[in-house]
Amino acid sequence: MDKAILFLLPLFALALIMIPLILMIKRRHDGKPVKAKKAILLNAGSFIGVMILMSIFVPVFAFAAEEGAQAVQTTLGIGEGLKYLSAAISTGLATIGTGIAVGCAAPAAIGATSEDDKNFTKSLIFVALGEGVAIYGLLISILILFS
């Protein structure tokens with residue numbers, strides 16, 4: 001019973017988050033005007049509601065599973081903790097750098113493309129180079145975790 005609920009809970013959360021999108025598509029298909037402010041508020045409200053439900057139900061099921069079975073205690077040394085910390089820092093800083101790079105390069109690329117269509121491929125390369133930084137950070141994290 002608990003495994004079925006743990007399987008259905010994320011599906012229920014996904015359905016609640018998708019309801020505003022489905023309603024917006026239905027309104028557009030029927031030819032009615034789409035009320036963006038109402039859709040955004042409904043989507044934000046359903047997301048917050050799902051997060052509240054998940055933060056209530058998941059710990060309840062986790063504690064119930066822990067009481068039913070013996071909890072296995074594992075001890076991690078300082079080296080293991082530093083390994084996880086360094087992997088998190090490398091991924092986090094790489095994605096922050098990617099956000100800064102793409103945030104600066106993408107508007108410039110759009111401006112260059114709007115002036116001359118021949119600049120599209122050159123500007124796309126600069127945006128992709130900025131995104132490559134996140135991939136390198138992820139690669140370093142994987143190397144740290146599995147070494």
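Helices here are DSSP runs of at least four residues, numbered from the N terminus. I took Leu53 as my starting residue and placed it in helix H2. I note at once that this is a predicted model.

**Entry 1: overall make-up**

I counted elements before going further. The protein has four helices and zero strands. Read from the N terminus, the order is α-α-α-α. I then looked up burial. Of the 147 residues, 14% count as buried. The accessible surface comes to about 11400 Å². Carbon and sulfur atoms hold 75% of that surface. I also checked how far along the chain the contacts reach. Among contacts with a separation of 6 or more, 71% join residues 24 or more positions apart.

**Entry 2: Leu53 and the nonpolar patch**

I went back to Leu53. Is this residue buried or exposed, or does it fall in between? Leu53 counts as partly exposed, because its relative accessibility is 32% and the partly exposed class runs between 20% and 50%. I found Leu53 in a nonpolar surface patch. Its other members are Phe12, Phe47, Ile48, Met51, Ile52, Ile56, Phe57 and Val60. Together the patch residues have about 810 Å² of accessible area. Which helix gives the most to the patch? I find that helix H2, residues 36-68, does, with eight residues.

**Entry 3: Gly45, also in H2**

I looked up Gly45 next. Gly45 is found in helix H2. Its relative accessibility is 40%, so I list Gly45 as partly exposed. I then took a distance across the chain. Gly45 and Pro20 are 25 residues apart in sequence. Their C-alpha atoms are separated by 9.9 Å.

**Entry 4: the span of H3**

Helix H3 covers residues 78-115, which is 38 residues. How far does H3 reach from its first C-alpha to its last? I read 55 Å. The expected value at 1.5 Å a residue is 56 Å, and the span is close to that.

I listed the buried residues of H3. They are Lys83, Ala87, Ser90, Ala94, Thr98, Ala105, Ala109 and Thr113. What do these residues pack against? Their partner is helix H4, residues 120-145. I followed this packing through three residues: Thr113, Ser123 and Leu145.

**Entry 5: Thr113 and Ser123**

Thr113 sits in helix H3. Thr113 counts as buried because its relative accessibility is 18%, and the cut-off for buried is under 20%. I checked the side chain for polar partners. A polar atom of the Thr113 side chain lies 2.8 Å from the backbone oxygen of Ala109. Setting aside neighbours within four places in sequence, Thr113 is in contact with Asn119, Phe120 and Ser123.

I then approached from the other side. Ser123 is found in helix H4. Ser123 is buried, with a relative accessible area of 9%. Apart from neighbours within four places, Ser123 is in contact with Ala109 and Thr113. Both of those partners are on my list of buried H3 residues.

**Entry 6: Leu145**

I moved along H4 to Leu145, which is found in that helix. Leu145 is partly exposed, at a relative accessible area of 31%. Which residues does Leu145 touch, leaving out those up to four places away in sequence? I find Lys83, Tyr84 and Ala87. Of these partners, Lys83 and Ala87 are among the buried residues of H3. I also looked up Ala88. The C-alpha atoms of Leu145 and Ala88 are 9.9 Å apart. The two residues are 57 residues apart along the chain.

**Entry 7: salt bridges**

How many salt bridges does the structure hold? I find two.

One joins Glu80 and Lys83, at 3.6 Å from N to O. The two residues are three apart in helix H3, so about one helical turn separates them. I compared their exposure. Glu80 is partly exposed, with a relative accessible area of 30%. Lys83 counts as buried, at 17% relative accessibility. Lys83 is also the residue I met in the contacts of Leu145.

The other joins Lys26 and Asp30. Their closest N and O atoms are 3.2 Å apart. Asp30 is partly exposed, with a relative accessible area of 42%.

Methods
Residues numbered from 1 in each chain as written. Predicted model: local features only at pLDDT ≥ 70, side-chain atom pairs only at ≥ 80, totals over all residues. Heavy atoms only, no water. Expected span 1.5 Å × (residues − 1). Buried < 20%, exposed > 50% of the residue type's maximum accessible area, 1.4 Å probe, protein only. Contact = heavy atoms within 4.5 Å. Patch = residues over 30% accessible without salt bridge, like charges linked within 9 Å, V, L, I, M, F, W, Y side chains within 5 Å. Areas by Shrake-Rupley, 256 points an atom, 1.4 Å probe, with all protein chains shown as cover. Salt bridge = Lys/Arg side-chain N within 4 Å of Asp/Glu carboxyl O. Polar contact = N/O pair within 3.5 Å; in protein donor to acceptor, adjacent residues only side chain to side chain.
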